[in-house]
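I sat down today with a fresh page and two things to look up: a pocket and a set of helix crossings. Here are my notes, in the order in which I made them.

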Amino acid sequence: MAFTIRQLQFFIAVAEQGTVSGAAQNLSISQSSVTEAIKELESDLGVELFERHPRGLNITHKGHQFLRHATKILADVSDARRAFFGEQVVAGGRLQLGVTSLVAGYVLSDLLARYRRAYPGVEVSAIEDNGDYLEHLLIGGKLDIAVMVTSNLRDRTALQSEILEVSAYRLWVPLGHKLAGADIIGVSDIASEPLIMLTVDEIEENTGKLLAAIGAKPHVAFRTRSVEAVRSLVATGAGVALLPDLVYRPWSLEGDRIESRDISGSLPVVQVGMVWRRGSGLPQAARDFIGLAQSQRMVRR
């Protein structure tokens, strides 16, 4: 029996929540419905999508590969539905986008692919830079929209924003690390661990604040602007990392496993969203981009 759209929705929800109960609550359905759908999907595909353990589920390497296909399928279905609701495709026009490093490959790539399919006649140009410079370009009218971290937006009087995704910080550890099996992990447990520090957007600042709150100075083993470098270093035991769940993937490029664990206590979150100049008359291409991003957010929910 071929898998269904509903099974894909359930699978994505479990992958994002990490537990059947969390997915069921998010979808407002019973846990048994989610469990049955995942079992049927695994049977149909002939692979295990999740590893079961007492605290929940870990997505497998095959499951991670299928997650990208499932997300794309749901996005394509949404595009197909939009085509029958009288939405006019812009024949031409230009869209100038900005993006910060942290979200370029994790939010913008899929969104931009959908936009290009829906509006092939629009010329799209995009630049990647830090948040302060993108704000400057937006206010100066050099960009239509920026997809960026909005939790540290500076000029909220001149700029308007809409949140697309909220991501909590979690701890990344290599397979077999002593903290991987701990029932409760506090910030104090991380203080003595060598840190692999990602230095883009607000990550280093937030990590420093977390450890400073308990009187600890970060023990930074390595600083990098590359998320893939963080993955490789954590997976090979060079240190641990505190990063938003937005960029978590369970495998490094070398195929080594990375575990992600919740941390108790009050932790910051990273908000990713769209930003544009307040009160400006956005071109139709920009308004279409905002509408498509809003519909994609609803599909994910």
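**Pocket and helix notes**

The lining of the second largest pocket takes at least three residues from domain 2 (94-164 + 271-300) and at least three from domain 3 (166-268). I keep in mind that I am working with a predicted model.

Next I looked up the volume of this second largest pocket, and I noted about 250 Å³. I counted 16 lining residues. Those that lie nearest the centre are Asn130, Gly131, Asp132, Asn152 and Asp201.

Which elements give two or more residues to the lining of the second largest pocket? I found α6 (131-139) and β5 (145-149). Helix α6 has the largest share, with three residues.

I then sorted the lining by class. Eight residues of the second largest pocket's lining are charged, five are polar and three are nonpolar.

On to the helices. I reminded myself that a packed pair is described by the angle between the two axes and the distance between them.

I started with α1 (residues 5-17) and α2, whose axes come within 8 Å of each other. Their crossing angle is roughly 120°. I wrote this pair down as oblique, because roughly perpendicular stops at 115 degrees. The crossing of α1 and α2 is right-handed.

Then I followed the chain to α2 (residues 20-27) and α3 (residues 31-45). The axes of α2 and α3 also come within 8 Å, and they cross at roughly 115°. How are α2 and α3 oriented to each other? They are roughly perpendicular, since 65 to 115 degrees counts as such. I noted the crossing of α2 and α3 as right-handed.

One last line for my page: α2 takes part in a crossing with α1 and in another with α3.

Conventions. Residues are numbered from 1 along each chain as its sequence is written. This is a predicted model: local features need pLDDT of at least 70, side-chain atom pairs count only at pLDDT 80 or more; totals for chains, interfaces and linings use all residues. Side-chain values use heavy atoms; hydrogens and water are left out. On a 1 Å grid over the protein atoms alone, a cavity is a set of points where a 1.4 Å probe fits but cannot get out, and a pocket is an open set with protein on both sides within 12 Å along at least five of seven lines; lining residues have an atom within 4 Å of a point. Grid points are joined across faces, edges and corners, and a volume is the space filled by probe spheres set on the points. Helices (H or I, at least four residues) and strands (E, at least two) are DSSP runs, numbered from the N terminus. Ala, Val, Leu, Ile, Met, Phe, Trp, Tyr, Cys and Pro count as nonpolar, Asp, Glu, Lys and Arg as charged, and the others, Gly among them, as polar. Domain bounds come from an automatic or database domain assignment. Axes are lines fitted to C-alpha atoms, for helices over the stretch in contact, and angles run from 0 to 180 degrees between N-to-C directions. Angles under 35 degrees count as roughly parallel, over 145 as roughly antiparallel, 65 to 115 as roughly perpendicular and the rest as oblique. A crossing is left-handed if the near helix is turned anticlockwise from the far one by less than a right angle, and right-handed if clockwise.
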